[in-house]
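Let's work through some short exercises on helices and strands. Have a look at the model first, then try each task before reading its solution.

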Amino acid sequence: MSSAKRPGTPQPGSHVADSHDLIRVHGARENNLKDVSIDLPKRRLTVFTGVSGSGKSSLVFNTIAAESQRLINETYSAFVQGFMPTLARPEVDVLDGLTTAIIVDQQRMGADPRSTVGTATDVNAMLRILFSRLGDPHIGPPSAYSFNTASVRASGAITVERGSKKAVKATFQRTGGMCTNCEGRGTVSDIDLTQLYDDSKSLAEGAFTIPGWKSDSQWTVQVYAQSGFVDPDKPIREYTDQELRDFLYGEPVKVKVNGVNLTYEGLIPKIQKSFLSKDKEAMQPHIRAFVERAVTFTTCPECEGTRLSEGARSSRIGKISIADACAMEIRDLADWVRELAEPSVAPLLTALRDTLDSFVEIGLGYLSLDRPAGTLSGGEAQRVKMIRHLGSSLTDTTYVFDEPTVGLHPHDIQRMNDLLLRLRDKGNTVLVVEHKPEAIAIADHVVDLGPGAGTQGGTVCFEGTVAELRGSDTVTGRHLDDRAVLKESVRKPTGALEIRDARTHNLQGVDVDVPLGVLCVVTGVAGSGKSSLIHGSVPAGADVVSVDQSPIKGSRRSNPATYTGLLDPIRKAFAKANGVKPALFSANSEGACPTCNGAGVIYTDLAMMAGVATPCEDCEGKRFQPAVLEYRFGGRDISEVLAMSVDRAEEFFGAGEARTPAAHKILQRLSDVGLGYLTLGQPLTTLSGGERQRLKLATHMGEKGGVYVLDEPTTGLHLADVEQLLGLLDRLVDAGKSVIVIEHHQAVMAHADWIIDLGPGAGHDGGRIVFEGTPADLVAARSTLTGEHLAAYVGA
C-alpha cells in the first residue's frame, strides 16, 4: 500500500497543504451501500472488486465521481447551470479531499445514425479544416466537407430597422458536404408496403400492421381515417390513384380530428421520420424486428456510402479525398498525415497526429473514422473516450474507469494496464472497477466490496494490497488465483453451420464450419473479426437467439418483473383469484396511485438545482391505489410480491395456493443466471452492467431457438460467477442447444468443446482463421497469441 498520510498530521518541515493526500468517504448509503466509510490514497491506482451488484459502482460512480461533478457544476452561474444536467447530492455524510473527476464509462456512444468514430472524437472536425485549407480544388469552408451540413441558398427582401424601416434585398448561401440523396446517412431505404398494412382491409377494420398502431384508439391512425383524403371504410386495394398517392406520399397539412388540430402526412414520410431517423441499435426489440422486416437498407448509389456530396469527394490532398481518409484504418491514416509537411497548418497537423497516434496506442488503430459510433462495443466505446485524456497536461485529477479491460484479449490487457499506470504516474488518482485478475494485479490499493450482491452486499470486506487480498478470506481473495482446467473429453458435434466466403468488414473471404450441438468459442484479439464473422454471417432466423452487448432499455418505471414479462402471469393470477381486471395490478395502468401516477415518489423540479424525490404520502411508496392492495393472492398483495427477491418469489409461485407455473418458469431462469437476490420491483436504472447483461440472457433463454449466440457473457461478472455461467452454458448444450460464444475470458475458452481463433492481428491484419480445434490442441500448438495466453492460464 502507498505511504499515504492522514490529513492533519504533516511531517516535520512539510507544508500543511501536502497533508491532503486522502479521499475520505464516511457514511455512504447510496443504493445498497451500508454506511460505508473508507479512506482512499490520492495519486495511486485503486481497484474496486466484488461480485456483480456488491456496490462498486454505487461507491465509485454514484458517490465519489457524482459528488465531484456536482461540486464542479455549482461553480458555474445559475444561468449556465440551467443548461446542465442536474445532479442530486449522494447519500453520504462526509466526502473530503475530492479532486476533479473524469468519468470514462462503458455507456454506448451516440445512437444517432450520423454519428461516427470521426465525429465523436473531433478528428473529422480537424480533417475538415485541413481539407478546406489544402484541398484541391478548393470548394469552400470546413462545412463544405461535413456530411452533417446541407447546402443552403436563399434570397429575398429583409426589413432593416435602423432609424426608418427599409426593405433590403439579401442573399444567403452556405456550402455543405451532405449527400442530398441519403441526407448524410450513407444508406437509402426501400420500404416493403406489405409489411405496413393489409390491403384487403379498410382502415376501420385495422389494416395497419405497424407495431403500436391500433385502429380504435391510436391518434396516428385516427388522423388517416378522419383526414378526408381517403375513405376509412374502403379496402386499401380499392383506393383510386389519387387516394393512394395522398395516403402514401401526401405533403404535411393540418386536419381536424375529433375537434383537435393535428398534422396529416403520407405514410412513407411518416414511417421515415418515426422509425428510420433513429439508430436501429437503439430501438426496442419488437420495433427493431419490424424495421428489419419492413425496410431494406442499401448503400447510397450517389455517394457510394461515403455520405458526402460530389464536391466534397472531388477535393483532394495529393490523391486522397476526405472520404478516402475517413475510410482508411486509423493507423494508415496516421502514417499519411505524418507525410504531410505544410508549415501553414503545422499546429493542426501536430494535433491531428497526436490524436491518431492515441488511437493506435490504445489498440484501436484497426477502426476507421467512418465507422458508425452505434456499432462500437462497450469496450471500444470506453477506449475511444479515453483518447482525449491520454495527451492531457492535467494532473491531480481523478480518473474513474468502469472495467476498462472489457472486450480486450489477454494480449491487449497489458497495453491497457500500461495506460492506467501512465495516468497515475502523471500525478493523477485512478479509480478502477474491475474483475480481471490481470488488471487487479497492478493495483497499489484494493477495495473489495461484498460479501454478496444486492441486499447481501454494500460493505467493505477488505482494504489493502494485492498480496494481502490473496491471503484474505473474501470471495475475491479466494477466487483471485482460480484457473479453469482443460476438459478431459469434449462433446461431438451433431452438425455444422457452414459459412462461406465471409467478407463483412475486415473478413478476408473466410470459409469455416461452426460445429452445432456443442459449446463453440470464437476468440481472437480485439478487432480481429469475431463479431463480423458471427453476427454478420450467422443468419438471424427463427432458430437463432442472439444476446449481444447492447444496453437494455428501461426507465425508472421498468423493473425485472416488467422487463422479463414476469408481471403478466402474476397480474393474471391476481385478477383470476379476485375476479377483477389484470390492468388493476399494473403500476403503469389502472391500478396506479393517482397522486404519484404509479411512480411511488413525487418529483419536484427545482430548475438548475437537483430535483427532489419524496415518497408519495398517499401510497407510501407502494405505487398502487389502496383499493388494489386489498386484493390478495396466496396471502400477499401485489406490492408485497414485487418487494420479494427472485429466490423468495420462486418458492412462493412454485407450490401451494400461489402456484403459478408460467411465473415460476421465468423466475427459475433468473435464478439460473445468478440473479436470485434481485427484488422483482427494483428499477432497472439501479442495476449494474453485469446484472443487466444477465437479465437479458435470462429473458432470451425463454425464446425457442436451437442456436444461442452470446457476445462476451462474462462482461461484468466476478471471478466467482464465471463458474456459474459455465454451468449454465453446459445446461443449454446438454438440453440439445448449440451455443456459440464470442469471448476473451480464458476460463470460457478452456471449457469449450471447440475453438475458432481469428487473427493474427486486428483490422486488415486480421479477418482470417488462424486456428480451429479443441482447447487442448490450441494449448499444445501454441501457434497463436490466444494459444500462448491460454497455455499460460492453464499452467501447461
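**Exercise 1.** In which sense do strand β24 and strand β25 pair, and over how many bridges?

*Solution.* Before starting, note that this is a predicted model, where local features need pLDDT of at least 70, side-chain atom pairs count only at pLDDT 80 or more, and totals for chains, interfaces and linings use all residues. Residues are numbered from 1 along each chain as its sequence is written, and side-chain values use heavy atoms, leaving out hydrogens and water.

Step 1: find β24 at residues 707-711 and β25 at residues 738-742. Strands are DSSP runs (E, at least two residues) and helices likewise (H or I, at least four), numbered from the N terminus. Step 2: the two strands pair in the parallel sense over five bridges; pairing requires at least two bridges found by DSSP. Step 3: check one position, where D711 stands opposite I742 in β25.

**Exercise 2.** Which strands stand at the edges of the open sheet of six strands?

*Solution.* Step 1: write the order, β21-β24-β25-β20-β26-β27, with mixed pairing. Step 2: β21 (544-547) and β27 (768-773) each have a single partner strand, so they are the edges, and one side of each has no neighbour in the sheet.

**Exercise 3.** How do helix α11 and helix α12 run relative to each other?

*Solution.* Step 1: the axes of α11 (residues 330-339) and α12 (residues 346-361) come within 9 Å and cross at roughly 155°. Axes are lines fitted to C-alpha atoms, for helices over the stretch in contact (heavy atoms within 4.5 Å), with angles from 0 to 180 degrees between N-to-C directions. Step 2: α11 is therefore roughly antiparallel to α12, a term for angles over 145 degrees (under 35 is roughly parallel, 65 to 115 roughly perpendicular, the rest oblique).
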